[in-house]
Each structure stands twice: as structure tokens, then as C-alpha cells.
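Thanks for coming. I have one structure to go through today, and I will start with a single residue before turning to the whole chain.

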Amino acid sequence: MSIQPLLDALDMQEDAAQALADDLRTQIEELQGRLREAETQLEHLAITRKTVTALADRLPARTSPPEHPDYPRILALFHEATDPLRARDVCEALDHELVPKNIEGTRAKLKRLVKLDVLTEIDPGSFTRKQ
């Protein structure tokens with residue numbers, strides 16, 4: 001009885017195991033590279049978060065428009081407007097009577113929105129959305 005067929009079978013199994021081990025090593029190297037890239041990206045994101053947080057602490061607090069039923073309507077007008085608006089235009093669009101008291105009250109609201117950095121006064125009395 002010859003053991004050669006047994007040795008040949010053993011060689012085939014060793015070759016298959018070696019090929020599998022080589023393939024797994026290659027996959028491990030690729031995964032280690034991807035892991036390094038992911039860890040680097042996480043480090044960069046942590047640095048970015050820290051920087052943004054530090055910068056945000058330096059920015060002035062932006063307050064929301066005061067509580068008044070006209071403000072949401074005024075903001076909606078400016079959202080739809082393609083051209084600058086004057087206090088009289090806004091007053092008319094809000095269906096307020098066009099008397100000096102109402103126009104000046106609307107102008108005061110528009111100026112308050114400018115101070116809150118919501119609107120911009122591009123010319124005296126001419127307002128537009130902040131870009």
C-alpha cells in the first residue's frame with residue numbers, strides 16, 4: 001500500500017488552506033486601511049465640531065422676531081417678494097388702513113427686523129430679505 005495518494009490529498013488541502021489564509025490576509029490589510037481612513041475622518045469631524053462650537057460661542061445671539069401677529073405675515077410677504085418693499089407696501093398688503101400711524105408702526109417693525117438681521121434696508125425706507 002502506497003501512501004502517495006494520501007500525501008497528494010494532504011498537499012491539495014494544504015494548498016487550499018494556504019490560498020484561503022492568503023486571501024484572508026489580503027482582506028485584513030484592506031479592512032485595516034479602510035479602518036484607518038474611517039478613524040481619520042472621525043478625528044477630522046471631531047476637530048470640525050470643536051472649531052464650529054468655539055466659533056458659535058463668539059457669534060452674537062440671534063433673537064427671533066417679537067411676538068406680534070403682524071411679524072409672521074410680514075416675513076411671508078418678504079419671502080414671496082421679488083423686489084424691495086416699503087412700509088406703505090407692507091401696510092397695504094396687511095390690509096391696514098393707510099394712515100401715518102399704521103405706516104409708521106409698520107416701518108418700526110421693519111426696522112426691528114433689520115436690527116434682528118432678518119431684513120436689510122437697502123435704501124432708506126426700502127427693505128428686502130437678508131440674503
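Is D95 buried or exposed? At a relative accessible area of 68%, D95 is exposed, since the cut-off for that word is over 50%. Please keep in mind throughout that this is a predicted model.

Staying with D95 for a moment, the residue sits in the loop that links α3, residues 87-93, to α4. Its phi is positive, about 60°, and D95 is not a glycine. As background, most residues other than glycine have a negative phi. A second aspartate on the list is D117, with a positive phi near 65°, again in a residue other than glycine. D117 belongs to the loop between α4 and β2, the latter being residues 119-123. With a relative accessibility of 36%, D117 counts as partly exposed.

Now the overall layout. There are four helices and three strands in the chain. In sequence order, the pattern reads α-α-β-α-α-β-β. What radius of gyration does the chain have? The value is 35 Å, whereas a compact globule of 131 residues would have one near 14 Å. Along the principal axes, the C-alpha atoms fill a box of roughly 120 × 30 × 25 Å.

One pair of residues illustrates the spread. A108 and D11 are separated by 97 residues in sequence, and their C-alpha atoms are 92 Å apart in space. A108 is a residue of helix α4, which covers residues 100-115. With 34% relative accessible area, A108 is partly exposed.

Some totals for the chain as a whole. Buried residues account for 16% of the 131 residues. About 10,500 Å² is exposed by the chain, and 56% of that area comes from carbon and sulfur atoms. Taking contacts between residues at least 6 apart in sequence, 44% of them join residues at least 24 apart.

Next, helix α1, which is residues 4-58. L10 is in this helix. Which residues join L10 in a nonpolar surface patch? The others are I3, L6 and L7, and the patch has an area of about 390 Å². L10 has a relative accessible area of 42%, so the residue is classed as partly exposed. That value also passes the accessibility cut-off for patch members, which is over 30%.

Back to helix α4, this time for two buried side chains. T106 is in this helix. Its relative accessible area is 2%, which makes T106 buried. What does T106 touch, leaving out residues up to four places away in sequence? The contacts are A87, V90, C91 and H96. K109 is also placed in helix α4. Is K109 buried or exposed? K109 is buried, because its relative accessible area is 14% and the cut-off is under 20%. Leaving out residues up to four places away in sequence, K109 touches H68, D70, Y71 and I74.

Last, the sheet. The three strands form an open sheet in the order β1-β3-β2, with antiparallel pairing. Why are β1 and β2 described as edge strands? Each has a single partner strand, so one side of each is left without a neighbour in the sheet. β1 is short in numbering terms, given as residues 85-86.

Going through the pairings one at a time, β1 and β3 run antiparallel and are joined by two bridges. β3 is residues 126-129. Within this pairing, L85 stands opposite F127 of β3. How many bridges join β2 to β3? Four, and these two strands also run antiparallel. One of the bridge pairs is D123 with S126 in β3. β2 and β3 form a hairpin with two residues between the strands, and there G125 takes a positive phi near 85°.

To recap: the radius of gyration is 35 Å against a globule value near 14 Å, and 16% of the residues are buried. Helix α4 contributes T106, buried at 2%, and K109, buried at 14%. The sheet is open, ordered β1-β3-β2. That is the end of the talk.

Note on methods: Residues numbered from 1 in each chain as written. Predicted model: local features only at pLDDT ≥ 70, side-chain atom pairs only at ≥ 80, totals over all residues. Heavy atoms only, no water. Patch = residues over 30% accessible without salt bridge, like charges linked within 9 Å, V, L, I, M, F, W, Y side chains within 5 Å. Areas by Shrake-Rupley, 256 points an atom, 1.4 Å probe, with all protein chains shown as cover. Salt bridge = Lys/Arg side-chain N within 4 Å of Asp/Glu carboxyl O. Buried < 20%, exposed > 50% of the residue type's maximum accessible area, 1.4 Å probe, protein only. Rg over C-alpha atoms; globule rule 2.2 N^0.38 Å. Contact = heavy atoms within 4.5 Å. Pairing = 2+ DSSP bridges.
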